[in-house]
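Q: Got a minute to walk through this model with me? I'd like the overall picture before the details.

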Amino acid sequence: MKILLINPSTEIGDIGLFPSGLAYVAKAVIKSGREVDIWDFNALRPSWDMIEKKIQQKFYDVIGIGGLIVVYSYVEKLIKLIKKYHPKTKIIVGDSLGASVPDLVLTKLGADCVCLAEGEHVILNFLEALEQNKDLSLVKGIAYLKDNKYIENSACEFEKNLDNFGMPEIEKFPINLYLKQPIYTFAKKYDTPLVMPKIQHSIIAHRGCPYPCNFCYQIFGRNIRYRSVKNIIDEVIYLYEKHGVRFVIMGIDLFLANKNFVYEFCDEYIKLGLHNKVKWSSAGRANLMDKDLITRIKEAGCILLGYGFESASPKIL
């Protein structure tokens, strides 16, 4: 079975964060003994003529597409091209695009299936169902159309031990393009003494968030799950030694939610001397912060905290 994963382009602005979620899905496919190709259109920014030619030239049995809701129109055009040349190809859409509006992704965009949960388990179960000609009703964590009726299967359980996923398969992506473009460059735009390291990367240190913000695209549940301290640090060391990374964004949600874990991480990070080699950042939340925590993460190499001031109105929040 020929499998392809596509990272769709946002089309405007910088290429932004590395698609770690898609890299984890790629890793899961490879660990299962299957081969997978990667087309990172967001990093490479090919023209639509080039994309159409590329699609026309090669058939895939299954194509997985992941991205935020902002790539909705891009994915719509992408799926039309795929179906134009390869109508038998099965397309599964995940990440927040799929999970936020699964009915629209199926009925308007023309996808065959939507991943509603963590993609690592879902993609393998989906592939197995296709390979063994099983009914899609047996695959947990997906939505699909049957006789033009929207079907949403029972939820897929979240992985409790994130270390089981291993590290993301970043080497199949044009990683150098991401490393050449700093994620944070605001020091050049604003009056700040902060000097950001040039070679930056983002990692998924945890999944889930305990706070029920209804405006959030959260697809990883309300229980925060951390990778082990060793597992996170092993990835930081790999990025430092292999690619010269000097700054990492520590997670996509709220790394500082569990203070005991954060203190354990800081202790080990300092013990290994990484606090002087690879600086890092995290999302912050006002009710979690205190002097002891801020002091400790600063000692451990944290040089930036990001707060989401969505509104000044308690009613809206």
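A: Sure, we can go from the overall fold to a few charged side chains.

Q: Is this one predicted or experimental, and what should I keep in mind?

A: This is a predicted model, where local features need pLDDT of at least 70, side-chain atom pairs count only at pLDDT 80 or more, and totals for chains, interfaces and linings use all residues. Residues are numbered from 1 along each chain as its sequence is written, and side-chain values use heavy atoms, with hydrogens and water left out.

Q: OK, how many helices and strands are there?

A: The protein chain has eleven helices and 13 strands. Those are DSSP runs numbered from the N terminus, with at least four residues of H or I for a helix and at least two of E for a strand.

Q: And what's the radius of gyration?

A: It is 20 Å for the protein chain, which agrees with the value near 20 Å for a compact globule of 317 residues. That radius is taken over C-alpha atoms, and the globule rule is 2.2 Å times the number of residues to the power 0.38. Along the principal axes, the C-alpha atoms fill a box of roughly 60 × 40 × 40 Å.

Q: How much of the chain is buried?

A: Buried residues are 48% of the 317. Buried means under 20% relative accessible area, exposed is over 50%, and partly exposed is in between (1.4 Å probe, protein chains only).

Q: What about contacts across the sequence?

A: Of the contacts between residues at least 6 apart in sequence, 70% join residues at least 24 apart. A contact here means heavy atoms within 4.5 Å.

Q: Switching to charges: how many salt bridges are there?

A: The count comes to 14 salt bridges, each being a side-chain nitrogen of Lys or Arg within 4 Å of a carboxyl oxygen of Asp or Glu.

Q: Where do Glu-118 and Arg-225 come in?

A: Their side chains meet in a salt bridge, 2.9 Å from N to O. Glu-118 lies in the loop between strand 5 (113-115) and helix 7 (119-131) and Arg-225 in strand 10 (residues 225-226), so the pair ties together parts that are 107 residues apart in sequence.

Q: Buried or exposed, those two?

A: Glu-118 is buried, at 3% relative accessible area, and Arg-225 counts as buried at 10%. Both belong to a network of salt bridges with Glu-120 and Arg-207.

Q: Which residue does Asp-234 pair with?

A: Asp-234 forms a salt bridge with Lys-230, with the closest N and O atoms 2.7 Å apart. Both lie in helix 9 (residues 229-243), four residues apart, about one turn of the helix. Asp-234 is partly exposed at 31%, while Lys-230 is exposed at 59%.

Q: And Asp-267 with Arg-296? How far apart are N and O there?

A: That salt bridge has 2.4 Å from N to O. Asp-267 is in helix 10 (residues 259-271) and Arg-296 in helix 11 (residues 291-299), so the pair ties together parts 29 residues apart in sequence.

Q: Now Lys-27, what's its nearest side chain of opposite charge?

A: That is Glu-169, 4.3 Å away; Lys-27 is buried yet has no salt bridge. For charges, Lys and Arg count as positive and Asp and Glu as negative, with His and the chain ends not counted. Lys-27 lies in helix 1 (residues 20-31), and beyond residues up to four places away in sequence it touches Phe-165, Gly-166, Met-167 and Glu-169.
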